Amino acid sequence: GAVTYYLLYSSGGDELFNAAESQYNEGSYTNAINSYEKLLEDYPAHPSASLARVHSALATLRLTMSDNDWQRTWESAQQVIEKVSAEDAFREVHEELATILPEIADGLTQDAKNAEEVAAADQSIRLATEAIGMIGRTDIVPRNLRDEGRLKRIRDTLDLIRRDMGSDVELTNVLDTMQREFTAGNVAAAYAAHKKLIDEYP
């Protein structure tokens with residue numbers, strides 16, 4: 001009767017959830033997403049439905065990370081967190097996010113470091129700073145889970161990139177000034193511009 005029906009479907013839901021969790025933990029994210037979706041479709045009231053939704057969303061994020069497209073990954077992270085942060089089971093992935101989000105910030109920082117165009121570097125710096133800001137939210141990454149040493153290294157690298165960008169722009173300006181002053185015969189002014197650059201960017 002009703003009891004037999006409940007036990008049958010409850011058991012089936014458990015098996016499907018356990019299979020999805022195994023796939024998730026093994027890094028088989030596409031299969032895990034499919035299993036979570038089937039669980040939520042067939043057993044929407046399953047006790048682990050909230051965790052299934054959260055892990056399905058994070059599996060999607062993990063797949064995006066595998067492409068090493070850090071700007072797209074950051075966009076995905078924001079969408080995923082917005083989608084599942086209200087879930088009861090969200091607290092169960094705090095520790096995982098404490099690892100994922102710094103990895104994204106690191107990737108964006110490396111993009112900025114390797115960028116050939118100032119605009120591209122500036123964009124990556126801005127997004128990395130946004131990611132660091134999200135890590136600072138205690139509802140997403142509790143303070144006790146934060147790797148402050150890693151965050152400091154990322155911030156220091158971003159500061160260095162900003163400094164180098166400023167140096168490049170200033171160097172271009174100084175070279176233009178020196179050329180103008182030399183052309184005009186103002187040798188002292190040209191060397192003064194050069195000395196100012198060295199003092200500010202030793």
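The axis of a helix is here a line fitted to its C-alpha atoms, over the stretch in contact when two helices are compared, and the angle between two axes runs from 0 to 180 degrees between their N-to-C directions. With that in hand, one can read the packing of two helices in this structure, which is a predicted model. The protein has eight helices and zero strands, and this briefing goes from the overall picture to one helix pair and then to two single residues.

**The protein as a whole**

- Followed along the sequence, the elements give the pattern α-α-α-α-α-α-α-α, in keeping with a secondary structure of eight helices and zero strands.
- The protein has 202 residues, and 37% of them count as buried.
- Among the contacts with a separation of 6 or more, 64% are accounted for by residues that stand 24 or more positions apart in the sequence.
- The accessible surface of the protein comes to about 11,800 Å², and 49% of this surface belongs to carbon and sulfur atoms.

**How α4 and α5 pack**

- Helix α4, which covers residues 70–84, packs with helix α5, which covers residues 94–114, at an angle of about 150 degrees, and their axes are 9 Å apart.
- Because angles over 145 degrees count as roughly antiparallel, α4 is described as roughly antiparallel to α5.
- The crossing that α4 and α5 make is left-handed.
- On the α4 side, the contact is made by Trp-70, Gln-71, Thr-73, Trp-74, Ala-77 and Ile-81, while α5 contributes Leu-97, Leu-101, Glu-103, Ile-104, Gly-107, Leu-108 and Asp-111.
- Sorted by character, the residues of this contact between α4 and α5 comprise eight nonpolar, three polar and two charged ones.

**Ser-56, a residue within a helix**

- Ser-56 lies in helix α3, which spans residues 49–65.
- Is Ser-56 buried or exposed? Its relative accessible area is 10%, and Ser-56 is therefore buried, since buried means under 20%.
- When its neighbours within four places in sequence are left aside, Ser-56 is in contact with Ile-33 and Tyr-36.

**Asn-68, a residue within a loop**

- Asn-68 is found in the loop between α3 and α4.
- Although Asn-68 is not a glycine, it has a positive phi of about 60 degrees.
- With a relative accessible area of 51%, Asn-68 counts as exposed, because the word exposed is used for values over 50%.

Conventions. Residues numbered from 1 in each chain as written. Predicted model: local features only at pLDDT ≥ 70, side-chain atom pairs only at ≥ 80, totals over all residues. Heavy atoms only, no water. Helix = DSSP H or I, 4+ residues; strand = E, 2+ residues; numbered from the N terminus. Parallel < 35°, antiparallel > 145°, perpendicular 65-115°, else oblique. Left-handed = near helix turned anticlockwise from the far one by under 90°. Contact = heavy atoms within 4.5 Å. Nonpolar A, V, L, I, M, F, W, Y, C, P; charged D, E, K, R; others polar. Buried < 20%, exposed > 50% of the residue type's maximum accessible area, 1.4 Å probe, protein only. Areas by Shrake-Rupley, 256 points an atom, 1.4 Å probe, with all protein chains shown as cover.
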